[in-house]
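Me: Please take a close look at one strand of this fold, following its partners on either side, the cover over it and the charged contacts around it. I would like the cut-offs stated as you go.

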Amino acid sequence: MNVSLNNHPVWDEFDKVLTQIDVKALAMEHLAACNYKVNGYWDEDEFYEEIAFVSPLRVELANSSVGKTQIDHHSHRWVRLQFSLKLDTSASEAEQPSDDEEIGELTLVLDSAWRIVDENWVIDVQSPFVTAKKAQNG
């Protein structure tokens, strides 16, 4: 049997669910709950105690996926949402860099009840809109 999912209605249903959930609001709530900070961040071989965003952020959904994992004869379904973290220049009239400047990515993994079960950050620690506090040695 040859099955193709290219035009399957499951994709339309997934898009409808994402629209109803307002995934951007979900990501912004997560950022607010973290106080716009990440504690304990590895960037290549460098460890940072804290990363803080110093400018207002906006998020854009960059990628989404659904999956199912089998563990001990139990199925676990999940949704992965990947967001681009960008400067929110809409509130300021001052001269600022392009609002397309990406300063990082946030990936949230949610279970079937839409609870966050995992998160992953990729942050441009060299960005002038991020403060990166390195770990104290010794």
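Reply: Two strands are said to pair if DSSP finds at least two bridges between them, strands being DSSP runs of E with at least two residues and helices runs of H or I with at least four, numbered from the N terminus. The model is a predicted one, in which local features need pLDDT of at least 70 and side-chain atom pairs count only at pLDDT 80 or more, while totals for chains, interfaces and linings use all residues. Residues are numbered from 1 along each chain as its sequence is written, and side-chain values use heavy atoms, with hydrogens and water left out.

The strand to follow is β5, residues 102-111, of whose 10 residues 8 are buried, meaning under 20% relative accessible area, as against over 50% for exposed and the range between for partly exposed (1.4 Å probe, protein chains only). One partner of β5 is β4 (residues 74-87), which runs antiparallel to it and is joined to it by 9 bridges; in this pairing Leu81 faces Leu108 of β5. Another partner is β6 (residues 116-123), also antiparallel, with 7 bridges, and here Glu105 stands opposite Val122. The hairpin that β5 makes with β6 has 4 residues between the strands, and within it Trp114 adopts a positive phi near 65°.

Part of the cover involves helix α2 (residues 23-33), where Val23, Leu26, Ala27, His30 and Leu31 are buried. Viewed down the axis of α2, these buried residues lie within an arc of 135°, and so they line one face of the helix, the arc being taken over the directions from the helix axis to the C-beta atoms. They pack against β5 as well as α1 (9-21), β2 (46-53), β3, β4 and β6, contact meaning heavy atoms within 4.5 Å. Glu29 and Ala33, on the other side of α2, are exposed.

At the end of β5, Asp111 forms a salt bridge with Arg115, with 2.9 Å between the closest N and O atoms, where a salt bridge is a side-chain nitrogen of Lys or Arg within 4 Å of a carboxyl oxygen of Asp or Glu. The two partners differ in cover, because Asp111 has 15% relative accessibility and counts as buried, whereas Arg115, at 54%, is exposed. In the partner strand β4, Lys86 forms a salt bridge with Glu60, the closest N and O atoms lying 3.4 Å apart; Glu60 belongs to β3, and the pair links parts of the chain 26 residues apart. Lys86 counts as buried at 10% relative accessibility, while Glu60, at 26%, is partly exposed.
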